[in-house]
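Here is a friendly walk through one protein chain, written for someone who likes cut-offs stated plainly. Please keep the viewer open as you read.

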Amino acid sequence: MAALYGGRHRWKRINCLHIFSRKLTGKYDYDLLVIGGGSGGLACSKEAAQLGQKVAVLDYVEPSAKGTKWGLGGTCVNVGCIPKKLMHQAALLGTAVKDAKKYGWQIPDTISHDWPTMAEAVQNHVKSLNWGHRVQLQDKKVKYMNLKGSLVDEHTVRGLSKAGKETVLTAKNIVIATGGRPKYPTNIPGAAEHGITSDDIFWLKKSPGKTLVVGASYVALECAGFLKGIGLDTTVMVRSIALRGFDQQMASLVTDYMEAHGTRFAWKSVPNRVDKLSSGALQVTWTDTQTGSEHKDTFDSVLWAVGRAPETKALGLDKLGVQLNKETGKIVVGPDESTSVPNIYAFGDIGEGRPELTPTAIKAGKLLAHRLAGQSTELMNYDNVPTTVFTPLEYSCVGLSEEEAEKRHGKDGIEIYHAFYKPLEFTVAERDASQCYIKVVCEQGGNGKILGLHFTGPNAGEVAQGFAMGFQCGATYSHLIQTVGIHPTCAEEVVKVHITKRSGLDATVTGC
């Protein structure tokens, strides 16, 4: 606790621990206390410190069910975007080696991938980022504490160390940015006992071997994609549809490409149980929901990617009356990231209705820091946030899916321009490009305001990032076709789209 100040004070007794709590007109230990050291929490805390605020960050990682643990930086750095993209790159390099033969490189017929080499390199990079985050906090004079935080009241947080030591801290404002963790199914025998999640896959010391990925979210497909890409036997089990919430035509192209390149899919199937055999292999029993037939197969690893749960249970939110969405468990927040309790804010994955994306959390955290410091009133704009699914054939998008655009504007209220194209890189390598596709969803009439842009192909994220800025400027189809392309690139095909779906004409790009 900070030194005592004059004035009237009040005492509270909590779990036999006397806590000295200052009146609201008094002084707190900190101006801002952030619970959660992920991308958003760190961005918010550093920005607030730059604005002259006294700031502290509490971060504590509970080991996964398999005992996997990691350092400061949250999901993205440790068990998400960063290691995922690096392992995706490993898979792309495998494809590039195969292509290289067509380009004249003399490469042995048999090549193999070594998981331990890749894993060690990826893990070392992640550890360097953990250290870098700690250094940045120190440089910006943000107090970092490896404590598990929970709320006592609207200005007080109790931190618990690994050894069980309690520390009580007070702050004018408290920000919750604890994110989420992968879920295990609770009704499938052996699921948690024998399975792993994305919290574990990137920290495995040895290859996961033949793997069953259960789920069809972007996490599931990305993991399955790089596992197959480095040469592992991989199956994806899908209960209903792939990439729920994304444009479903684009989702089908992504999974079609994966299937064409060796990833097996068990469509309309649900797992019943996982048993460990005496050989050490995992026997999975599942049901085909279309036929009702039961199937069995053995795997070396079972990766559950069936959704994520917000990290809210241990925060003590119910005692303070912080409103949660009963179905999702996420915190109900306003446009300014405020909760139902004054002086307590929440943003990032833990906020109800917010995109579960690192860049949105970072930007929202910085904007919140400016508002709390009285430097701005600007709110986070959650519309038209671009994103990329790093599957073997990458898929990027910004704006509305075709389904959502039709729902909002009606089928006759939208015009869709599209094209199937072949990346130049695919030609000499004689690679199939039948799933490389561009879709631009526009308002019907006028200049044709662009409502959504979708792209499958190489470097999809690099393509969409540039076009995403156009959405902030009210881009129209007229703007698009007035733009000169960069030749020869995949991105130039976006500014050349001119065939509408409504016309029924062949949308295959011909010529160079």
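L72 has a relative accessibility of 3% and therefore counts as buried (buried is under 20% relative accessible area, exposed over 50%, and partly exposed in between, with a 1.4 Å probe and protein chains only). You will find L72 in the loop between β4 (55-58) and α2; helices here are DSSP runs of H or I with at least four residues, strands are runs of E with at least two, and both are numbered from the N terminus. Setting aside residues up to four places away in sequence, L72 touches G37, L42, D59, V77, N78, N130, H133, R134, L137 and Y144, where contact means heavy atoms within 4.5 Å. L169 sits 97 residues from L72 along the chain, and their C-alpha atoms are 20 Å apart.

A word on conventions: this is a predicted model, in which local features need pLDDT of at least 70 and side-chain atom pairs count only at pLDDT 80 or more, while totals for chains, interfaces and linings use all residues. Residues are numbered from 1 along each chain as its sequence is written, and side-chain values use heavy atoms, with hydrogens and water left out.

Now to the backbone. Two residues other than glycine with positive phi, K141 and E337, are set side by side below.

| Residue | Phi | Loop | Relative accessibility |
|---|---|---|---|
| K141 | about 60° | between α4 and β5 (143-145) | 69%, exposed |
| E337 | near 70° | between α9 (317-320) and β18 (344-346) | 0%, buried |

The backbone also has a cis peptide bond, running from H487 to P488 with omega near -5°. P488 belongs to the loop between α14 (477-482) and α15 (492-495).

Which residues touch the most other members of the largest nonpolar core? They are W115, I201, F202, L221, F226 and Y395, in a core of 43 residues. A nonpolar core here is a set of buried Ala, Val, Leu, Ile, Met, Phe, Trp, Tyr and Cys residues joined through side-chain atoms within 4.5 Å. At least two residues of this core come from each of α2 (74-79), α3 (81-102), α4 (115-139), α7 (218-229), α8 (248-260) and β20 (395-399). The most generous contributor is α7, which gives six residues. Leaving out neighbours within four places in sequence, L221 is in contact with A216, V236, A242, L243, V254, T255, M258, F265 and T391. Another core lies apart from this one and has 27 residues, including A460, A468, Y477 and V497.

Finally, the whole chain. It contains 15 helices and 24 strands. Its radius of gyration is 25 Å, close to the 24 Å that the globule rule gives for 512 residues, so the chain is as compact as a globular protein of that length; the radius is taken over C-alpha atoms, and the rule is 2.2 Å times the number of residues to the power 0.38. Along the principal axes, the C-alpha atoms fill a box of roughly 80 × 65 × 50 Å. Of the 512 residues, 50% are buried. Among contacts between residues at least 6 apart in sequence, 62% join residues at least 24 apart. The exposed area is about 24,700 Å², with carbon and sulfur atoms supplying 52% of it; areas come from the Shrake-Rupley method with a 1.4 Å probe, and for residues only the protein chains shown count as cover.
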